[in-house]
Amino acid sequence: MLNIRRNVFILGVAFILSSCAMAPIKLSTIPEKEIFPFLTVPIFRQDVFHAVAPAETLWCISRMYDVKIEDIVQANNLKDSTELEMGQRLLIPKAAPIRPVIPLYKTRKWKYIIIHHSATDEGDSLFLFKLHLKRGFLGLGYDFVIDNGTLGKGDGQIEVSPRWIKQQDGAHCKAADMNFKGIGICLVGNFSKEKVSQKQMGSLVYLIKILRVYYNIPYRNIMGHGQVPGAKTECPGKRFPWKEFKDRLKGSK
Ligand SMILES: [Zn+2]
């Protein structure tokens, strides 16, 4: 079934399409609001290829690149525009620089934000989705992934997980029942060995500022996985720059 409804926060009509073949998404939850940064001029447009991530729809991709759905359908000769597969490569004609599209859902479920690292040198949401499937989870355990510029993704690119779109419990932190009340954000990288890039840090702060305000989450409830009582892990890594993160989160920039 397609869920189609008018979203008052978006100009025009938002069509929310069903998604990929490997993990069909039944959207029972419609975002109340979307955070969608507008383009600043001048815009440099170019044709790019985009690998479809878990939970991504044409509607979402069209907004990420500021390109009409019809233009993507035509450029890729898509017969059924509602069926995308994870990993499918799409040509995005005359794409603007990629921007995150962050859906926000009206709920009182989320009281904490838990920061993780992937503890891998490379990755993206699809890579972690497959990794978590192998571990016996129902797909990607986090709600958001912030890429590090590997596997064709941009450094600092924010990816939204199917779990967030379906507003399901997480599979990222058993301790203190955080899977039921904590939003899981994973930065790709191993921050016991390497530094968080400036772009990743910028995106992390940007995303958490939005989530914190919208869900009224106090600063003390924003923590690393290893700081959750009962968790025995050094995630998100021994070198994670907590001071810089907290300064930037509380700063006005
Ligand atoms: Zn973790």
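Me: What makes both faces of strand 8 count as covered?
Reply: F144, I146 and N148 on one side, and V145 and D147 on the other, are all buried. A residue is called buried if 20 or more other C-beta atoms lie within 10 Å of its own, exposed if 12 or fewer do, and partly exposed in between, with C-beta atoms placed from the backbone. Counted along the strand, 5 of its 5 residues are buried. Mind that this is a predicted model, where local features need pLDDT of at least 70, side-chain atom pairs count only at pLDDT 80 or more, and totals for chains, interfaces and linings use all residues. Numbering starts from 1 along each chain as its sequence is written.

Me: How do you know how confident the predictor is in the protein chain?
Reply: From pLDDT, the predictor's confidence in each residue on a scale from 0 to 100. The average is 87, and 86% of the residues score at least 70. Residues 1–27 are another matter, with pLDDT below 50, though the model gives this stretch 51 contacts beyond near neighbours in sequence. A contact here means two C-beta atoms, placed from the backbone, within 7 Å. Where pLDDT is low, the predicted coordinates should not be read in detail.

Me: What makes strand 8 a partner of strand 9?
Reply: Two strands pair if DSSP finds at least two bridges between them. Strand 8 (residues 144–148) and strand 9 are joined by 4 bridges and run antiparallel, so they pass that cut-off. I146 stands opposite I158, and N148 faces D155. The hairpin of these two strands has 6 residues between them, and G149 takes a positive phi near 85° there.

Me: And which way does strand 8 run against strand 10?
Reply: Parallel, with 3 bridges. I146 has L187 as its bridge partner in strand 10. I146 also touches residues including G156, I185, Q200 and L204, leaving aside those up to four places away in sequence.

Me: How do you know which strands stand at the edges of the sheet?
Reply: The open sheet has 5 strands in the order 9-8-10-7-11, with mixed pairing. Strand 9 (155–160) and strand 11 (222–224) each have a single partner strand, so one side of each lacks a neighbour in the sheet. From one strand to the next the twist averages 20°. Helix 6 (residues 198–214) packs on the sheet, touching strands 7, 8, 9, 10 and 11, and its direction makes about 35° with that of strand 9. Such angles run from 0 to 180 degrees between N-to-C directions, using lines fitted to C-alpha atoms, for helices over the stretch in contact.

Me: What are "helices" and "strands" here, and how many does the protein chain have?
Reply: They are DSSP runs numbered from the N terminus: H or I over at least four residues for helices, E over at least two for strands. The chain comes to 7 helices and 11 strands.

Me: Why is the largest nonpolar core said to lie between domain 1 and domain 2?
Reply: Domain 1 (3–102) and domain 2 (107–250) both give residues to the core, so it lies between them. The domain bounds come from an automatic or database domain assignment. A nonpolar core is a set of buried Ala, Val, Leu, Ile, Met, Phe, Trp, Tyr and Cys residues joined through C-beta atoms within 7 Å. This one has 51 residues, and I113, I146 and L207 are among those with the most contacts inside it. Helix 1 (residues 58–65) gives the largest share, 5 residues.

Me: Why does I165 count as buried?
Reply: I165 has 24 C-beta neighbours inside 10 Å, so it clears the threshold. I165 lies in helix 4 (residues 162–165). Its C-alpha is 8.3 Å from that of D143, 22 residues away in sequence.

Me: Why is K94 called partly exposed, and N216 exposed?
Reply: K94 has 15 C-beta neighbours inside 10 Å, so it falls in the middle class. N216 has 10 other C-beta atoms within 10 Å, so it is exposed. K94 sits in strand 5 (residues 89–95), whereas N216 is in the loop between helix 6 and strand 11. Neither is a glycine, but phi is positive at about 50° for K94 and about 55° for N216.

Me: What is the peptide bond from C235 to P236, cis or trans?
Reply: Cis, with omega near 5°. P236 is in the loop between strand 11 and helix 7 (242–250).
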